[in-house]
Amino acid sequence: MKSSEIRQKFLTFFESHGHAIVPSSPLVPGNDPTLLFTNAGMVQFKDVFLGKETRPYIRATSAQRCVRAGGKHNDLENVGYTARHHTFFEMLGNFSFGDYFKRNAILFAWEFLTTTLCIPKDKLWVTVYAEDNEAADIWLNEVGIPPVRFVRIATADNFWQMGDTGPCGPCSEIFYDHGPEVAGGPPGSENSDGDRFIEIWNLVFMQYDRDGEGALHPLPKPSVDTGMGLERIAAVMQGVHSNYEIDLFQSLIRAAANVTGTSDLANNSLKVISDHIRACSFLIADGVIPGNEGRGYVLRRIIRRAIRHGYRLEQKQPFFYFLVNDLVGCMGQAYPELLTAKAHVEMVLKQEEERFAETLENGMQILEAELTREKKQLAGEVVFRLYDTFGFPVDLTADIARERGIGIDQAGFEAAMTQQRERARASGKFNMQSGIRYHGVATQFHGYDSLQQEAVIQAVYKQD
Ligand code: ATP
Ligand code: MG
Ligand code: MG
Ligand code: MG
């Protein structure tokens with residue numbers, strides 16, 4: 001079953017159960033300036049859950065484009081390392097705004113997985129929040145999940161909250177067992193972080209309102225928010241273990257292999273490139289442009305990672321932007337906004353590739369030399385020089401070092417950054433009155449001034 005068919009089946013299933021099909025909202029949230037990117041299906045419904053907004057429906061379903069590459073949810077470090085994480089993915093969701101609650105949410109999910117998709121029941125595991133006897137009772141006694149594949153989890157993994165205060169509640173998650181040939185333990189066990197038991201669907205039961213003192217008060221109208229990763233469920237349905245083996249990714253991987261002249265389709269860099277072309281294209285289509293802070297800097301970090309993986313495949317010329325065409329071929333039908341923005345996306349990517357090409361090769365030579373010399377940890381000074389002079393985001397340097405089993409001196413990097421800031425201040429370049437003057441050359445990458453550096457550090461570290 002193709003990914004596009006699964007997406008459609010999901011929406012149709014919930015539509016037939018009285019849900020309005022709501023289109024995906026953009027990746028830049030319109031209703032929440034504190035959130036870097038839309039990272040779940042519920043984001044566009046936040047004010048509906050909070051009771052601040054009403055809609056003409058009380059049940060909704062969507063296939064929401066999501067990015068988890070910064071802020072509270074950051075899976076950038078996982079891409080290229082796990083079988084299940086992307087920076088960009090699609091979240092299928094169904095939502096109840098004060099209408100049905102746990103029982104229907106669970107029964108719908110189970111019916112969709114085992115009847116519509118015909119997934120064998122004995123491959124599915126279920127978790128609930130440890131104290132949620134109500135959900136446990138439905139799973140064990142109504143659905144009939146055998147206790148051996150049922151786990152109560154007491155950690156925050158199974159308790160969702162929108163923020164420090166406000167709506168929150170227990171979750172119940174459904175996992176698929178990809179079999180003993182893959183490493184990893186069942187949910188709740190010590191080595192549950194492997195890729196054998198893969199979480200496919202999270203059902204969140206918004207049940208309480210947390211006040212300023214931390215006390216929980218029952219919500220008058222409890223609600224439901226669920227999310228299932230399309231790529232993960234597609235892997236299950238297509239009988240493959242890794243998300244990168246599904247139809248959609250295979251086309252992108254073949255395109256990336258083609259463009260880079262790579263014959264080994266299993267090359268890890270192809271996976272990273274095919275993940276990143278989705279995130280970068282959709283972010284640009286939704287209005288983000290590469291820059292030195294905030295969202296723009298996250299985008300720049302992802303693009304530069306992709307370019308570096310191209311470099312690893314011996315690409316010295318721009319190659320990444322060619323893949324936009326292939327991506328539009330795979331996803332343009334489901335996301336017409338991508339089709340509309342195609343020429344713009346290509347232009348922005350090409351420019352960023354040309355810009356980074358000016359410093360990438362020299363930076364890589366310095367880094368290679370240091371990585372050959374250093375056996376344990378890359379000096380903060382080196383990380384800073386690569387960052388400041390060669391436009392290497394810290395996480396890019398860290399990722400390249402990690403491939404050799406070498407860490408980076410984070411504190412040393414920060415110290416070098418502080419020194420630079422003080423030098424800039426002492427040399428009087430810094431405008432103390434406005435405090436935010438930028439003295440770099442606009443068209444070329446020349447590092448950041450002091451306050452921008454702070455913003456960058458915040459973007460890179462504090463939000464994670
Ligand atoms: P994981 O524990 O595997 O990192 P999660 O608990 O962070 O997942 P949720 O926040 O519960 O994920 O999101 C709901 C669903 O979205 C998950 O069950 C999964 O199917 C999917 N999902 C989450 N993160 C990713 C990702 N980075 N790439 C692809 N799918 C994802
Ligand atoms: Mg996660
Ligand atoms: Mg999880
Ligand atoms: Mg989860």
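Helices here are DSSP runs of at least four residues, numbered from the N terminus. The views below come from a predicted model.

**View 1. Helix H5 and the glycine after it.** H5 spans residues 230–237. The helix is mostly covered, with seven of its eight residues buried. Those buried residues are Leu230, Glu231, Arg232, Ile233, Ala234, Ala235 and Val236. Gly239 follows H5. The phi of Gly239 is positive, near 65°.

**View 2. The magnesium pair at Glu173 and Glu199.** The magnesium ion (ligand 4) is held by OE donors of two residues, Glu173 and Glu199. The coordination distances are 2.0 to 2.2 Å. The magnesium ion (ligand 3) lies 3.2 Å from the magnesium ion (ligand 4). Glu199 coordinates both ions. Glu173 belongs to strand E9 and Glu199 to strand E10, so the pair ties together parts that are 26 residues apart in sequence.

**View 3. Burial of the two glutamates.** Glu173 has a relative accessibility of 6%. Glu173 therefore counts as buried, the cut-off being under 20%. Glu199 has a relative accessible area of 27%. Glu199 is partly exposed.

**View 4. The E10–E11 hairpin.** Strand E10 covers residues 197–210. E10 and E11 run antiparallel and are joined by nine bridges. Trp201 stands opposite Met228 in E11. Five residues lie between the two strands of this hairpin. Gly214 sits in the turn, with a positive phi of about 95°.

**View 5. Strand E5 beside E11.** E11 also pairs with strand E5, residues 88–96. The pairing is antiparallel, over four bridges. Ser96 is the residue opposite Val224 in E11.

**View 6. The second largest pocket.** This pocket has a volume of about 330 Å³. Its lining is made up of 18 residues. Val48, Phe49, Gly51, Phe97 and Lys221 lie nearest the centre. By class, the lining has nine nonpolar, five polar and four charged residues.

**View 7. Elements that line the pocket.** Helix H2 (46–49), strand E9 (166–177) and strand E11 (216–229) each supply at least two residues of the lining of the second largest pocket. E11 gives the largest share, four residues. E11 thus appears in several views: in the pocket lining, in the hairpin with E10, and paired with E5. E9 also recurs, in the lining and as the strand that holds Glu173.

Notes: Residues numbered from 1 in each chain as written. Chains lettered and ligands numbered in written order. Predicted model: local features only at pLDDT ≥ 70, side-chain atom pairs only at ≥ 80, totals over all residues. Heavy atoms only, no water. 1 Å grid on protein atoms, 1.4 Å probe; cavity = no way out; pocket = protein on both sides within 12 Å on 5 of 7 lines; lining within 4 Å. Points joined across faces, edges and corners; volume = space filled by probe spheres on them. Nonpolar A, V, L, I, M, F, W, Y, C, P; charged D, E, K, R; others polar. Pairing = 2+ DSSP bridges. Donors = N, O, S within 2.8 Å, 3.2 Å for Na, K, Ca; no water. Buried < 20%, exposed > 50% of the residue type's maximum accessible area, 1.4 Å probe, protein only.
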